[in-house]
Amino acid sequence: KIEPVPQILSLNPTIVAAALPTEFKVKIQTISNSTKITKYEWSFDGEIQETTANSAIYAFDEIGPHTVDVTITDSSGKTSTKSFTIQAASPKNAVNMLLARNLNNLNAIKTTLEGLDLFDGNSLTEILALEDAETAMADLQQANATAVSDDDYISIMGELVSIVIPDLLSATKNVNSLPFFPNEESVNLEILKSIGGGSYE
């Protein structure tokens with residue numbers, strides 16, 4: 001018998017400054033709206049933490065790759081586990097690595113959006129808050145250019161890990177036409193009247 005289980009989609013961040021306590025968060029997908037995740041178990045290089053929220057704070061003492069295993073349990077008792085590789089680096093190197101990755105992702109996303117029609121491109125740009133992310137990245141690049149101490153880089157890192165830019169965009173489904181039946185209360189008749197130049201009596 002095969003049954004669906006909750007899914008762990010991603011972990012953020014995956015690049016951190018060594019020795020800096022960092023908040024890790026997972027993005028999950030539950031089986032249905034009626035099920036909730038009741039427990040998160042985090043294994044940081046074998047060191048276990050349990051939380052009831054989708055975040056945990058941990059500091060890696062050594063520079064290099066580390067493994068984080070996350071196990072989630074939902075209200076129906078189903079579990080799912082996923083393993084992630086985290087790169088810990090000096091504050092300066094961590095900032096430069098994360099800046100480079102985010103800028104590459106941002107450019108790749110913008111290239112993908114340019115291939116879409118205007119409505120889809122503008123909608124996704126707004127949903128992903130790409131203009132805000134681009135502005136924040138530019139500010140952090142300037143701060144990085146003048147940073148001199150570990151404290152400077154740690155401050156930049158704190159802001160940098162909060163900027164989430166997708167690795168890629170892909171279409172999972174396509175339709176040629178889709179019936180649309182809006183609820184009466186969500187239709188603004190005054191706007192339709194203005195567009196049509198008539199009345200709706």
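Biologist: Two strands pair if DSSP finds at least two bridges between them. Which residue of strand 8 is the bridge partner of V16?

Modeller: V16 is matched with A88 there. Strands here are DSSP runs of E with at least two residues, helices are runs of H or I with at least four, and both are numbered from the N terminus. Before we go on, this is a predicted model, in which local features need pLDDT of at least 70 and side-chain atom pairs count only at pLDDT 80 or more, while totals for chains, interfaces and linings use all residues. Residues are numbered from 1 along each chain as its sequence is written, and side-chain values use heavy atoms, leaving out hydrogens and water.

Biologist: Got it. Do strand 2 and strand 8 run parallel or antiparallel?

Modeller: They run parallel, joined by three bridges. Strand 8 (residues 79-89) also pairs with strand 7 (residues 64-74), in an antiparallel way and through ten bridges. In that pairing, I86 of strand 8 stands opposite H66.

Biologist: And what happens in the hairpin of those two, at G77?

Modeller: Four residues sit between the strands, and G77 takes a positive phi near 90 degrees.

Biologist: Which residues other than glycine have a positive phi?

Modeller: A19 is one of them, with phi near 70 degrees, and D45 is another, at about 50 degrees. That stands out because most residues other than glycine have a negative phi. A19 is in the loop between strand 2 and strand 3 (22-29), whereas D45 is in the loop between strand 4 (37-44) and strand 5 (47-51).

Biologist: Are they buried or exposed?

Modeller: A19 is exposed at 51% relative accessible area, while D45 is partly exposed at 45%. The cut-offs, with a 1.4 Å probe and protein chains only, are under 20% for buried and over 50% for exposed, with partly exposed in between.

Biologist: What about peptide bonds, where is the cis one at P13?

Modeller: N12 and P13 are joined by a cis peptide bond, with omega about 0 degrees. P13 belongs to the loop between strand 1 (7-12) and strand 2.

Biologist: Switching to helix 4, which of its residues are buried?

Modeller: In helix 4 (residues 150-160), they are Y153, I156, M157 and L160. Seen down the helix axis, these buried residues fall within an arc of 105 degrees (taken from the directions from axis to C-beta atoms), so they line one face of helix 4.

Biologist: Nice, and what do they pack against?

Modeller: Strand 2 (15-17), helix 1 (91-114) and helix 3 (130-146), with contact meaning heavy atoms within 4.5 Å.

Biologist: Last topic: how many salt bridges does the structure hold?

Modeller: Three, counting a side-chain nitrogen of Lys or Arg within 4 Å of a carboxyl oxygen of Asp or Glu. E3 meets K1 at 3.1 Å, N to O, and E3 also bonds with K78, where the closest N and O atoms are 3.4 Å apart. The K78 and E3 pair links distant parts of the chain, 75 residues apart: K78 is in the loop between strand 7 and strand 8, E3 in the segment before strand 1.

Biologist: Where does the E134 and K110 pair lie?

Modeller: Their side chains meet at 2.7 Å, N to O. E134 is in helix 3 and K110 in helix 1, so this salt bridge ties together parts 24 residues apart in sequence. As for K1, E3 and K78, shared partners join them into one network.
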